[in-house]
Amino acid sequence: GNIQNDGHIETLSKIIFLLKKKYNKTFNIHIIGHDPENVIKKISNPNLIYHGYLKNFSDVESIFKKCSFGSALYDFGVNKKKIILSAKINEYFSHSIPVIASNNSYEKKIINKKKLGYCSNSIVKICNFINSCSINKKK
């Protein structure tokens, strides 16, 4: 999904770093969409792969096939309330991709109720969840 602000890059980079440090696992994070130029310039982690806006649905499909999770990690400090789900959340759901979301998002209610992913504002807990899913996936 797209990033929208600098905090997402820092959060995603911390998650990548902690997964490598704590579990010796490397994950790539694919970013699709329109993002502010100042945000794109801050992507220096080789495991954060920026694709930009993709016009062809087949391009999105090929990236989604590689994904274990979708990210909806909105700013942890901001209470986000929406009446409708964001488009990327609906895309993840329609492709059976679990969503990792921040605890303060509107989507939390649906994700938890339907068991469609995991919600937390703790990077450590998010990493533990990702690790446990990757272990279970191998079995």
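## Overall architecture

Which pattern does the protein chain follow when it is read along the sequence? In this predicted model, the order of elements is α-β-α-β-α-β-α-β-α-β-α, and the protein chain has six helices and five strands. Of the 139 residues in the protein chain, 39% are buried. Among the contacts in the protein chain with a separation of 6 or more, 58% are accounted for by residues 24 or more positions apart.

The confidence of the prediction varies along the protein chain, whose mean pLDDT is 79, with 78% of the residues reaching 70 or more. Among the elements, the lowest mean pLDDT (69) belongs to helix α2, residues 37-40, while the highest (92) belongs to strand β5, residues 117-119.

## The pairing of β1 and β2

Strands β1 and β2 pair in the parallel sense, and four bridges join them. Within strand β1 (residues 29-32), the residues I29 and I31 point one way and H30 and I32 point the other way, yet all of them are buried.

In strand β2, which spans residues 48-52 and contains Y50, the residue that I31 stands opposite is Y50. Y50 has a relative accessible area of 29% and is therefore partly exposed, since buried residues fall under 20% and exposed ones over 50%. The C-alpha atoms of Y50 and I32 are separated by 6.4 Å, although these two residues are 18 residues apart along the chain.

## The three-stranded sheet and its helices

An open sheet is formed by three strands in the order β3-β4-β5, with parallel pairing. Its edge strands are β3 (70-72) and β5, each of which pairs on one side only, and from one strand to the next the twist averages 15°. Strand β4, residues 99-101, pairs with β5 in the parallel sense over three bridges, and the bridge partner of I100 in β5 is Y118.

Two helices can be described relative to these strands. Helix α4 lies across β3 and β4 and runs at about 155° to β3, whereas helix α5 (residues 107-114) lies across β4 and β5 and runs at about 130° to β5.

## Aromatic pairs

How many aromatic pairs does the count come to? The count comes to three aromatic pairs. In one of them, F64 and Y92, the ring centres are 5.9 Å apart and the planes stand at 50°, so the pair is tilted. Because F64 lies in helix α3 (residues 57-64) and Y92 in helix α4 (residues 87-94), this pair ties together parts that are 28 residues apart in sequence. Both F64 and Y92 are buried.

Y118 and F129 form an aromatic pair that is stacked, with 4.5 Å from centre to centre and 10° between the planes. Since Y118 lies in strand β5 and F129 in helix α6, the pair ties together parts that are eleven residues apart in sequence. The two partners differ in their accessibility class, for Y118 is partly exposed at 23% relative accessibility, while F129 is buried with a relative accessible area of 19%. The two values fall on either side of the 20% cut-off below which a residue counts as buried. F69 joins Y118 and F129 in one aromatic cluster, and Y118 is also the residue that serves as bridge partner of I100.

## Helix α6 and the cysteines

Helix α6 comprises residues 123-138 and includes N131. Is N131 buried or exposed? With a relative accessible area of 9%, N131 is buried, and when its neighbours within four places in sequence are left aside, N131 is in contact with Y23 and K25.

The structure holds zero disulfides. Among its cysteines, C127 counts as buried at 0% relative accessibility, whereas C133 counts as partly exposed at 24% relative accessibility.

How values were computed
Residues are numbered from 1 along each chain as its sequence is written. This is a predicted model: local features need pLDDT of at least 70, side-chain atom pairs count only at pLDDT 80 or more; totals for chains, interfaces and linings use all residues. Side-chain values use heavy atoms; hydrogens and water are left out. pLDDT is the predictor's confidence in each residue, from 0 to 100. Buried means under 20% relative accessible area, exposed over 50%, partly exposed in between (1.4 Å probe, protein chains only). Contact means heavy atoms within 4.5 Å. Rings of Phe, Tyr and Trp (its six-membered ring) pair if their centres lie within 6.5 Å; planes under 30 degrees apart count as stacked, over 60 as edge-to-face and the rest as tilted. Two strands pair if DSSP finds at least two bridges between them. Axes are lines fitted to C-alpha atoms, for helices over the stretch in contact, and angles run from 0 to 180 degrees between N-to-C directions. A disulfide is a pair of cysteine sulfur atoms within 2.5 Å.
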